[in-house]
Amino acid sequence: MRRVFNRFSRPESPDLESGILTLSQTSSMNGVYGSSLASTFLRDAAGGADSVDVITIGDSNTGYSYLGAGGGGGGWTRAWLRNMNAFGIQTYASPLMPLMANSGVTLTTQTVREESGSFTTLAGYFSNVLAPYTGVQRGSTAGPADVTNMAVPATTFLPHALTGFDYCYVASGASVQTFSQPNGTYPGGAEPSPALPTWNQPGTALRYRVTHVQSSTSGGSLNLTAYRVTSGSYFSLATASASTYNASGYVRTASDMAFTMPSTSPASAIIFGWNYIGFATGPAHVLYDCVYKVTKGCAVNQLHYGSGQSSATISGVITGSTASSRTFLRTYFSEIVARQIVAGGSGRVIIWINSGINSAVGGYSFVGYMDAMIATLTAEWSAAGFDSSKLAFVVSATHPLDGYSSASEALLAEDRQWLNSWAPANRNVTALDLQQCLSGPQLTAAGYYTGAGVGEVHLTQDGYNAVMSIAMQKLLSKP
C-alpha cells in the first residue's frame, strides 16, 4: 500500500527504524515520484511545441561558483540550463534580473560569466546596477508605497547572490543618464567571456526588455538603447522611447527594443540599458531587464540563492514575502509569463526547490517546509491570474554525502524518502531523488565533490551538470 499524505494532515510516519518506505508506484525505481506535469513541460519544449521557464530556489548549491567565478550563476541553476540545452531545448531568454538591490550604499555590478564550451550561458556577461547613483534612487526608500508593494518582497530574496529585489526610482522631472554603468553587456572575444552564448550569435534578432511600472503622472519616459563599443568607439545599434504614463495609475508593463547582434570581431562589448547614453526622465519605476528572442525554448531564472541557509530559513523567505500586503511574487510571475508569451510560448513555469545541506532536519519537518513554500507560491500564482495547469514543481533534498557528517546524511536520506512518499498526493509536484541519480560513492569516484570532508557539501560544476543530466533523462522519460 502506498503511504502518502496531503498538505492538510500529518502523514503516516514512515518506518524510521528500518529507514525504508514501502512504495508501490512504478516511478519509484526511476527516482522520480509524483506528478508528470514538469515532464510534460520539458518534453513539449524539447519537441518545439512550447516553452518553459525554470525558477530556481535553494541554498548555496542552487548557484555555487564555477571556474573560480562567483555571482551565484552556477550550481543547479547552470546545470538546469546546460542540460535542457543538451536535450534539445534552446535558450530563448536571459534570466530576469533585478535592476536595483535593496541594500548597499556603493555602486557595484553583478557578473554572470560564460563557461568554456559549446553550451549556452545564463546571460553572457551581465551587469546590473545594484545601488543608487546620481538621479536614480532606491525605490523602497524613496519611491511610492504602491510600487514598493508590487516590486519589493517583505523578505530578502537573493537572486544570483544579489542583496534582494528592489527597483530604480527616478523622481518626477528628474533626468538621468549613465555612461559607466550599463544594465547589461555581451562582450565578444575578450575576458570575462570566452565567446558569445550560442543562442545570440552575430546576426541574431534580439529584443532588450525592461519591466517597469507606469503611473498617472505624465512627463516620464525611458530611453532604451543598445550600443556596440569597439576600442573606445560607440556605435548605436538601436534606440526606443517608452512612456511611463498610464491614466489608470500604477500598472506593471514592459517595453521592448529590437536589435540585431552584430559581429564581435574585433572584440566588442554589446551594451544596453534603459538610460545608457540616452536620457530617462521621471517619474520612472524600473524593475527588471533581460534579453530574449522570439522563439520557443527555455530560460532559467534564479529567484533565491540562500548561501548557508537552512530549509527553515529558505521557507521563511518564501512564505514571509507576502507580509504587509506585498505582491512581489505576483509581479515577478506576471513578467516571467508575459515575456514567455510574447516570445512564442504559452506561459509554462517549473519551480525547482532544493535544500537540506545546512542544518539537516528530519523528514516530517523537511516536507513541512517544502509544503509551506509550495502553498505560498501556488497561491500567489493563482492571485496573479494564472491557471494551475501552467505551474509545476520539482523538489529535492540535496545531493548525497559520502562520509562527511553521517548524521546529516541519515537525515537527508530520511528527507528524500518522505518527499518521495509525499509528492504523489500533491498535484503538480514531482519529487526528484538525487541519491538515485548518483550516489555518494559514485560522486567520490568521479571527483564530483569540491573536496573531501566538508568539501562534500558542494559539487564541482561538472558534478552538478552530471547529476542533472541523469535527472533530466529521468524527468523526460517519466510517463
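How many of the 16 residues of H6 are buried? Twelve are, so the helix is largely enclosed by the rest of the structure. This description rests on a predicted model.

The chain as a whole sets the scene. It holds ten helices and 18 strands. Of its 479 residues, 58% count as buried. The chain exposes about 16000 Å². Carbon and sulfur atoms supply 51% of that area. Among contacts with a separation of 6 or more, 81% are accounted for by residues 24 or more positions apart.

Helix H6 covers residues 328-343. From its first C-alpha to its last it reaches 23 Å. This is close to the 22 Å expected at 1.5 Å a residue. Its buried residues begin with Phe-328, Leu-329, Thr-331, Tyr-332 and Phe-333. Ser-334, Glu-335, Ile-336 and Val-337 are buried as well. Arg-339, Gln-340 and Ala-343 complete the list. Just after H6 comes Gly-344, with a positive phi of about 120°.

Strand E18 spans residues 429-432 and is covered on both faces. In a regular strand, side chains alternate between the two faces of the sheet. In E18, Val-429 and Ala-431 lie on one side, and both are buried. Thr-430 and Leu-432 lie on the other side and are also buried.

Two strands that pair with E18 can be described in turn. Strand E1, residues 32-34, runs antiparallel to E18 and is joined to it by three bridges. Within this pairing, Val-32 stands opposite Leu-432. Strand E17, residues 391-397, pairs with E18 in the parallel sense, again over three bridges. Here Phe-393 has Val-429 as its bridge partner. Between E17 and E18 the chain passes through helix H8, residues 406-422. This β-α-β crossover is right-handed.

A further site involves strand E8, residues 205-214, which contains Gln-214. Is Gln-214 buried or exposed? Its relative accessibility is 12%, so Gln-214 counts as buried, the cut-off being under 20%. The side chain of Gln-214 makes a polar contact with the side chain of Asn-246, at 3.1 Å. Neighbours within four places in sequence aside, Gln-214 is in contact with Ser-243, Thr-244, Tyr-245 and Asn-246. Gly-249, Tyr-250, Val-251 and Thr-253 are also in contact with Gln-214.

Definitions and conventions:
Residues numbered from 1 in each chain as written. Predicted model: local features only at pLDDT ≥ 70, side-chain atom pairs only at ≥ 80, totals over all residues. Heavy atoms only, no water. Helix = DSSP H or I, 4+ residues; strand = E, 2+ residues; numbered from the N terminus. Expected span 1.5 Å × (residues − 1). Buried < 20%, exposed > 50% of the residue type's maximum accessible area, 1.4 Å probe, protein only. Pairing = 2+ DSSP bridges. Right-handed = clockwise from strand over helix to strand, strands pointing away. Contact = heavy atoms within 4.5 Å. Areas by Shrake-Rupley, 256 points an atom, 1.4 Å probe, with all protein chains shown as cover. Polar contact = N/O pair within 3.5 Å; in protein donor to acceptor, adjacent residues only side chain to side chain.
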